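Q: Please take a close look at a single part of the protein shown here. A formal, connected account would be welcome, one that also places this part within the whole.

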Amino acid sequence: LGTQGEERRRVVALFVVVFFVVFFWAAYEQSGSSMNLFADRNTDLRVGGFEIPSSWFQSVNALAILVFASPFAALWTALGRRGREPSTALKMVLGLFLLGVGFLFMVEGGRRADQGTLVSPLWLVGAYLFHTFGELCLSPVGLSYVSKVAPARLGGLLMGTWFLANAAANKLAGALAAYTPTPGAGEVAPAGGLG
């Protein structure tokens with residue numbers, strides 16, 4: 001009975017984590033939809049005599065992961081050696097916080113775009129960087145958490161639940177993007193429902 005109670009607590013804890021992960025990924029995945037539209041419609045893409053394709057902003061995340069994944073891993077390792085490594089839950093909270101900081105860049109960029117001007121691409125780069133920092137706090141830690149906490153007989157099922165949360169978040173991200181107004185254009189009718 002004690003073993004079953006412990007397993008139940010672990011499964012409940014994983015479902016709580018999965019619940020919050022849905023919100024993280026739903027916001028994070030705006031990078032491929034509403035943020036990409038912002039890059040295309042509201043960002044000054046001219047650098048000298050060259051015009052940056054708006055789709056190039058999609059590579060900021062990949063580049064930032066390549067540059068910052070090792071420093072983040074080294075940071076956790078160094079803190080762990082000193083006995084000061086944050087808990088998995090705190091790392092996930094930090095990931096959500098950093099994602100929010102990224103959207104502060106978008107709020108300010110959007111405010112400036114509402115005045116009818118094309119804004120600096122640095123607003124998007126800042127947002128993408130902080131979103132990546134949030135991802136580096138949450139994603140690898142979450143996968144590790146599932147594999148450590150899941151009862152052995154439910155490991156595959158609960159790992160599948162983690163990825164199902166990502167799928168649900170992507171669906172939610174698309175629905176949210178459909179209701180995102182274009183700065184400088186007033187209110188925009190939704191481009192589609194949840195279908």
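Is Ser-144 buried, partly exposed or exposed, and what is its relative accessible area?

A: The model discussed here is a predicted one. Ser-144 is partly exposed, because its relative accessible area is 27%, and a residue counts as buried under 20% and as exposed over 50%. This serine belongs to helix α5, which runs over residues 122-149. A further point of reference is Met-159: from C-alpha to C-alpha, Ser-144 and Met-159 lie 9.9 Å apart in space, while 15 residues separate them in sequence.

The helix that holds Ser-144 also takes part in a pocket. Helix α5 is one of the elements that give at least two residues to the lining of the second largest pocket, and α1 (2-28) and α4 (88-113) do so as well. The space in this pocket amounts to about 170 Å³. Its lining consists of Ala-13, Val-16, Val-17, Phe-20, Val-21, Thr-88, Ala-89, Met-92, Val-93, Leu-96, Leu-138 and Tyr-145. Of these lining residues, 11 are nonpolar and 1 is polar, and none is charged.

Helix α5 appears again in the surroundings of helix α2. The buried residues of α2 are covered by elements that include α4, α5 and α6, the last of these spanning residues 155-178. Helix α2 itself comprises residues 34-42, and Ser-34, Met-35, Phe-38, Ala-39 and Asn-42 are buried there. These five lie on the same side of α2, because they cover an arc of only 150° around the axis. Ser-34 in α2 is thus a buried serine, whereas Ser-144 is partly exposed.

It remains to place this part within the whole. The protein contains 6 helices and 2 strands, and their order along the sequence is α-α-β-β-α-α-α-α. The C-alpha trace extends over about 65 × 45 × 20 Å along its principal axes. Among the 195 residues of the protein, 39% are buried. Of the contacts with a separation of 6 or more, 73% are between residues 24 or more positions apart. The accessible surface of the protein is about 11,000 Å², and carbon and sulfur atoms account for 66% of this surface.

Terms used: Residues are numbered from 1 along each chain as its sequence is written. This is a predicted model: local features need pLDDT of at least 70, side-chain atom pairs count only at pLDDT 80 or more; totals for chains, interfaces and linings use all residues. Side-chain values use heavy atoms; hydrogens and water are left out. On a 1 Å grid over the protein atoms alone, a cavity is a set of points where a 1.4 Å probe fits but cannot get out, and a pocket is an open set with protein on both sides within 12 Å along at least five of seven lines; lining residues have an atom within 4 Å of a point. Grid points are joined across faces, edges and corners, and a volume is the space filled by probe spheres set on the points. Helices (H or I, at least four residues) and strands (E, at least two) are DSSP runs, numbered from the N terminus. Ala, Val, Leu, Ile, Met, Phe, Trp, Tyr, Cys and Pro count as nonpolar, Asp, Glu, Lys and Arg as charged, and the others, Gly among them, as polar. Buried means under 20% relative accessible area, exposed over 50%, partly exposed in between (1.4 Å probe, protein chains only). Contact means heavy atoms within 4.5 Å. Accessible areas come from the Shrake-Rupley method with a 1.4 Å probe; for residues, only the protein chains shown count as cover. The arc is that of the directions from the helix axis to the C-beta atoms.
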